[in-house]
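Work through the exercises below with the coordinates open. Try each task before reading its solution.

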Amino acid sequence: MFPENFILYSIQILLVVVMIAMIIVVIRSYLLHRQPIFKRFGLGMLIGFITDFGDTLGIGSFATTTAAFRMTHYIDDDRKLPGTLNAVHAIPVMFQALFFITAVKVELTTLLPMTTAAVIGAYVGTHVTKKWHAPTVQRVMAVALLIAVIIMVVRMITTPGSNNSMGVHGLHGWWLILGIVFNFGIGVLMTMGLGNYAPELIFFSLMGVNPAVAFPVMMLDAALIMPTTALNVIKMNRVSWRGFAGVAIGGVLGVIVAAKFFTSMNVDLLNKLIVIVALWTIFGLVIDSMKKNV
């Protein structure tokens with residue numbers, strides 16, 4: 001028990017260090033390059049609060065943030081949308097991981113390899129997509145959102161894993177190898193705008209693991225994937241800074257509030273609303289990508 005607790009506390013310390021590093025990068029960009037991180041601050045806080053509130057409950061934040069950004073014209077270049085999603089939610093999702101890393105028991109032999117694979121995938125993904133043009137990004141985002149919607153609908157209809165035993169705390173053998181490969185792919189796809197929560201919940205459920213056990217894994221994955229991606233896309237100038245501070249601060253507040261409601265809140269109606277909004281966003285992305293070629 002002592003080594004396990006030591007490793008978990010070490011991970012929490014790592015998250016705090018990475019969070020501080022991310023904050024320093026944002027402050028440096030503001031001071032040196034006068035990036036408009038406080039522009040539309042109030043709207044940004046509202047978007048961040050709502051999206052990361054839902055994220056903490058396992059709904060995910062990428063689909064909702066994409067929809068909110070497009071409805072409010074929050075960013076003016078869709079090529080920067082995937083990078084912005086990862087960067088702006090990096091700090092809130094690290095708060096999530098700090099809350100959940102010790103809240104639900106998961107075997108370290110599952111947690112550490114799967115998280116490492118996801119981070120490597122994120123590093124690879126940022127370099128794969130760095131020269132994509134706006135229509136390509138819009139179409140990939142549309143496909144990513146459609147995949148997320150399909151997974152959310154499957155979850156709502158079938159509630160996979162609801163009867164799985166809470167006594168299973170990890171993956172073993174070939175299932176663990178499959179999980180590592182799966183998470184590498186998730187890391188790549190997150191850099192393209194597909195959130196990791198719904199796919200990982202489905203994956204763990206199909207592996208016979210209760211979905212609650214997936215929360216520490218998926219949140220730690222996101223908490224390390226997002227800053228990895230963010231630091232790369234910031235260097236590549238693929239982040240929209242407008243209102244960055246508002247979304248990040250609102251997101252942290254949303255995480256704190258949602259953590260208190262985690263065990264008692266019914267999110268079925270919210271899931272249905274998100275599906276409708278995401279489908280409308282997919283339609284808009286496809287139409288805009290076709291306009292680029294006219």
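**Exercise 1. The overall layout**

Which pattern does the chain follow, read along the sequence? Work on the predicted model.

Solution.
- Step 1: Count the elements. The chain has 12 helices and 0 strands.
- Step 2: Read along the sequence. The pattern is α-α-α-α-α-α-α-α-α-α-α-α.
- Step 3: Check burial. Of the 294 residues, 53% count as buried.
- Step 4: Look at contacts with a separation of 6 or more. Residues 24 or more positions apart account for 89% of them.

**Exercise 2. Helix α5 and its partner**

Find how far α5 is covered, then describe how α5 packs with α11.

Solution.
- Step 1: Take α5, residues 90-100. This helix is mostly covered, with 8 of its 11 residues buried.
- Step 2: List the buried residues. They are A90, I91, P92, V93, M94, Q96, A97 and F100.
- Step 3: Recall the general description. Two packed helices are described by the angle between their axes and the distance between the axes.
- Step 4: Apply it to α5 and α11, the latter spanning residues 244-261. The angle is about 25°, and the axes are 8 Å apart.
- Step 5: Classify the angle. Under 35 degrees counts as roughly parallel, so α5 and α11 are roughly parallel to each other.
- Step 6: Add the handedness. α5 passes α11 in a right-handed crossing.
- Step 7: Name the residues in contact. α5 supplies I91, P92, F95, Q96 and F99, while α11 supplies A248, G251, V252, V255, I256 and A259.
- Step 8: Sort them by class. The contact has 9 nonpolar, 2 polar and no charged residues.

**Exercise 3. A second helix pair**

Repeat the analysis for α3 and α4.

Solution.
- Step 1: Get the geometry. α3 (residues 62-71) and α4 (residues 81-88) pack at about 120°, with axes 11 Å apart.
- Step 2: Classify. Roughly perpendicular covers 65 to 115 degrees, and roughly antiparallel starts over 145. The pair is therefore oblique.
- Step 3: Give the handedness. α3 passes α4 in a right-handed crossing.
- Step 4: Name the contact. F62, T65, T66 and F69 of α3 meet L81, T84, L85 and N86 of α4.
- Step 5: Sort by class. There are 4 nonpolar, 4 polar and no charged residues.

**Exercise 4. The nonpolar cores**

Which residues of the largest nonpolar core touch the most other members?

Solution.
- Step 1: Take the core of 60 residues. L15, M22, M94, L111, F204 and F244 touch the most other members.
- Step 2: Find the main contributor. Helix α10 (residues 211-235) gives the largest share, 14 residues.
- Step 3: Inspect F244. Leaving aside neighbours within four places in sequence, F244 contacts M22, V26, I37, A87, V88 and V239.
- Step 4: Look for another core. A second, separate one has 5 residues, including A142, V149, V275 and L285.

**Exercise 5. Two single residues**

Place S29 and R242, and list what each touches beyond four places in sequence.

Solution.
- Step 1: Locate S29. It lies in α1, residues 2-33.
- Step 2: Buried or exposed? The relative accessible area of S29 is 8%, so S29 is buried.
- Step 3: List its partners. S29 touches R34, Q35 and W241.
- Step 4: Locate R242. It sits in the loop between α10 and α11.
- Step 5: List its partners. R242 touches P36, K39, R40, H73, Y74, I75 and D76.
- Step 6: Compare sequence with space. R242 and F41 are 201 residues apart in sequence but 8.7 Å apart in space, C-alpha to C-alpha.

Conventions. Residues are numbered from 1 along each chain as its sequence is written. This is a predicted model: local features need pLDDT of at least 70, side-chain atom pairs count only at pLDDT 80 or more; totals for chains, interfaces and linings use all residues. Side-chain values use heavy atoms; hydrogens and water are left out. Buried means under 20% relative accessible area, exposed over 50%, partly exposed in between (1.4 Å probe, protein chains only). Helices (H or I, at least four residues) and strands (E, at least two) are DSSP runs, numbered from the N terminus. Axes are lines fitted to C-alpha atoms, for helices over the stretch in contact, and angles run from 0 to 180 degrees between N-to-C directions. A crossing is left-handed if the near helix is turned anticlockwise from the far one by less than a right angle, and right-handed if clockwise. Contact means heavy atoms within 4.5 Å. Ala, Val, Leu, Ile, Met, Phe, Trp, Tyr, Cys and Pro count as nonpolar, Asp, Glu, Lys and Arg as charged, and the others, Gly among them, as polar. A nonpolar core is a set of buried Ala, Val, Leu, Ile, Met, Phe, Trp, Tyr and Cys residues joined through side-chain atoms within 4.5 Å.
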